[in-house]
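User: Hi! I'm new to reading protein structures, and I'd like to go through this one with you. Where should we start?

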Amino acid sequence: MDREALQERYGIIGESTAIKQVIDKIMQISKTDITVLLQGESGVGKDVTARAIHSLSKRNRNNLVIVNCGAIPEGIIESELFGHEKGSFTGAHEARKGYFEKADGGTIFLDEIGDTPKNIQVKLLRVLESGEFFRVGSSKMFTADVRVIAATNQDLWELVQDGKFREDLYYRLDTVKIKLPPLRDRQDDIIPIFRKFVTEFSSKYDSVFQGFSDEAKDLLISYRWPGNIRELRNVAEQLVVLEKSQFIDKDRLQKYLKGRQHLGSTDNLPVLSRKEFTDDEDDDFESGSGTDMGIIYRALLEMQGDISDLKKMLAKFVYSSFSDKELKALPSAVPRDIDPNDISGHIYRDSSDKDSLGISTPAEPQEDEDHDIIQDFFSDKEIPSIEEAEKFLIEQALKRFEGNRRKASDALGVSERTLYRKLDQYDLQ
Ligand SMILES: Nc1ncnc2c1ncn2[C@@H]1O[C@H](COP(=O)(O)OP(=O)(O)O)[C@@H](O)[C@H]1O
Ligand SMILES: [Mg+2]
């Protein structure tokens, strides 16, 4: 099978050098049993790649078992992976096969491998090296003939340095690495992928896409796509459904890109890829020429925007139970851009009418437990990344409002649609 045929068969769109290299690597390694590590941000195509590798391999008649190592609670991950014997722990009424046994003869895809607890990492290493493992509660050794594909959106080597990931397992996994670059680093692929999604959704929703202006196209290309292809897919779906039969100009498109609900957001400003400015010989990064300063300035603005959004979200959580008097008495470290009057009944956008502003009902009384969870989260880690913090806050909001997305989005100060997009971006249910 050649590269084009493979792309066609697995729906992997793209003409960029980066995607071509990925495809070539898939072709080189899929017939072998070699362990593969897929590395890339969320939404870049790690799942798609793992499926293609399995389906091109000689194991394709057997199972591909997909395990999200980051989503399984620490207490049960060992029995999920390796199975357990009857009575090995409370609730183990029956003996049960683990994922490795289910994948015997096939492939196991260990997604978010960086989140695997360290005591499990040592057991993974053994299966990788010898195919051997033990069910929980059994001293009988099992073996499975399994090809391992692992994926991570973290820098595993950094985790090794921090003592969170075993070095021996790192080397074992790092034999063949496929790096899937973020969409913003393969801008050539954006329009072709977008077209594919628009065609798919137009036929799914029986809608006719009227096309988009050059400016809208430029915006699609220059936008930084933090959620990568998954986000591009969502935007295409929303445009097809919500802007049915409309010609898409820049303003229309902008509403669907991250940060559209925040006035003054710089999220939609074009970001030049590093390649673009290093290709230009007149532009010496060190010299701090006009364009370079522009890039740096824009990056700073973006960062500032994100941080202030985050501060607002956080403040709404931590201080929403405080009375006005208590708020005034707080030390000056409290984010200043929060209007205390804005806290108990803040403004939100009504998703049914994009231009009407409504006042939400006051947030429900807060429990001390929530404060503790939030404080633990922040004292536990060094400084969480903005994405980690955002994901965490979303989880807390959903928990507090028992999965009610409207209330959760109100509390977070974002539109419901943004919340949906974030849930998808972070793979939250
Ligand atoms: N090259 C590509 N062309 C078209 N669609 C893609 C491509 N890569 C990924 N997708 C789509 O993007 C979405 C996210 O891909 P996925 O493999 O789940 O990403 P990841 O596992 O890295 O988070 C899926 O809907 C997938 O079908
Ligand atoms: Mg994935």
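**Looking around the model**

Analyst: Let's start with arginine 3, which counts as partly exposed because its relative accessibility is 23%. The scale works like this: under 20% relative accessible area is buried, over 50% is exposed and anything in between is partly exposed, using a 1.4 Å probe and protein chains only. Before we go on, this is a predicted model, where local features need pLDDT of at least 70, side-chain atom pairs count only at pLDDT 80 or more, and totals for chains, interfaces and linings use all residues. Residues are numbered from 1 along each chain as its sequence is written, chains are lettered from A and ligands numbered from 1 in the order in which they are written, and side-chain values use heavy atoms, with hydrogens and water left out.

User: Got it. Which side chain meets arginine 3 in a salt bridge?

Analyst: That is aspartate 24, at 3.2 Å from N to O. Arginine 3 belongs to helix 1 (residues 3-10) and aspartate 24 to helix 2 (residues 17-29), so this pair ties together parts 21 residues apart in sequence. Helices (H or I, at least four residues) and strands (E, at least two) are DSSP runs numbered from the N terminus. Aspartate 24 is also partly exposed, because its relative accessibility is 28%.

User: How many salt bridges are there?

Analyst: The count comes to 18 salt bridges, where a side-chain nitrogen of Lys or Arg must lie within 4 Å of a carboxyl oxygen of Asp or Glu. There is also a network of them linking Asp33, Lys58, Arg59 and Asp145.

User: Show me another pair?

Analyst: Sure! Glutamate 41 and arginine 184 meet through their side chains at 2.6 Å, N to O, in a salt bridge. These two link distant parts of the chain, 143 residues apart: glutamate 41 sits in the loop between strand 1 (36-39) and helix 3 (46-56), and arginine 184 in the loop between strand 7 and helix 9 (190-204).

User: And what about glutamate 231 and arginine 421, buried or exposed?

Analyst: Both glutamate 231 and arginine 421 are buried. Their side chains form a salt bridge of 3.5 Å, N to O. Glutamate 231 is in helix 11 and arginine 421 in helix 20 (residues 416-425), so the pair connects parts 190 residues apart in sequence.

User: Helix 11 again, then. What does glutamine 238 touch?

Analyst: Not counting residues up to four places away in sequence, glutamine 238 touches Glu243, Tyr256 and Arg417, with contact meaning heavy atoms within 4.5 Å. Glutamine 238 is in helix 11 (residues 228-242), and its 14% relative accessibility is why it counts as buried.

User: New topic: sheets. What is the order of the five strands?

Analyst: The order is 2-3-6-1-7, in an open sheet with parallel pairing. Strand 2 (64-68) and strand 7 (176-179) are at the edges with a single partner strand each, so one side of each has no neighbour in the sheet. For two strands to pair, DSSP must find at least two bridges between them. Strand 2 and strand 3 (residues 107-111) run parallel and are joined by five bridges. Asparagine 68, for instance, has aspartate 111 in strand 3 as its bridge partner.

User: How many residues are in the largest nonpolar core?

Analyst: It has 32 residues, and Leu81, Phe100, Ile108 and Leu110 have the most contacts inside it. Helix 6 gives the most to this core, with five residues. A nonpolar core is a set of buried Ala, Val, Leu, Ile, Met, Phe, Trp, Tyr and Cys residues joined through side-chain atoms within 4.5 Å. Leaving aside neighbours within four places in sequence, leucine 110 has contacts including Val67, Leu81, Phe100 and Ile149. There is a second, separate core of 24 residues, with Ile190, Phe194, Leu239 and Leu253 among them.

User: Last one: how many aromatic pairs are there?

Analyst: There are twelve. In one, the ring centres of phenylalanine 100 and phenylalanine 133 are 6.4 Å apart and the planes meet at 40°, so the pair is tilted. Phenylalanine 100 is in helix 5 (residues 99-102) and phenylalanine 133 in strand 4 (residues 132-134), 33 residues apart. Rings of Phe, Tyr and Trp (its six-membered ring) pair if their centres lie within 6.5 Å, and planes under 30 degrees apart count as stacked, over 60 as edge-to-face and the rest as tilted. Phenylalanine 100 and phenylalanine 133 are both buried. Together with Phe82 and Phe142, Phe100 and Phe133 form one aromatic cluster.
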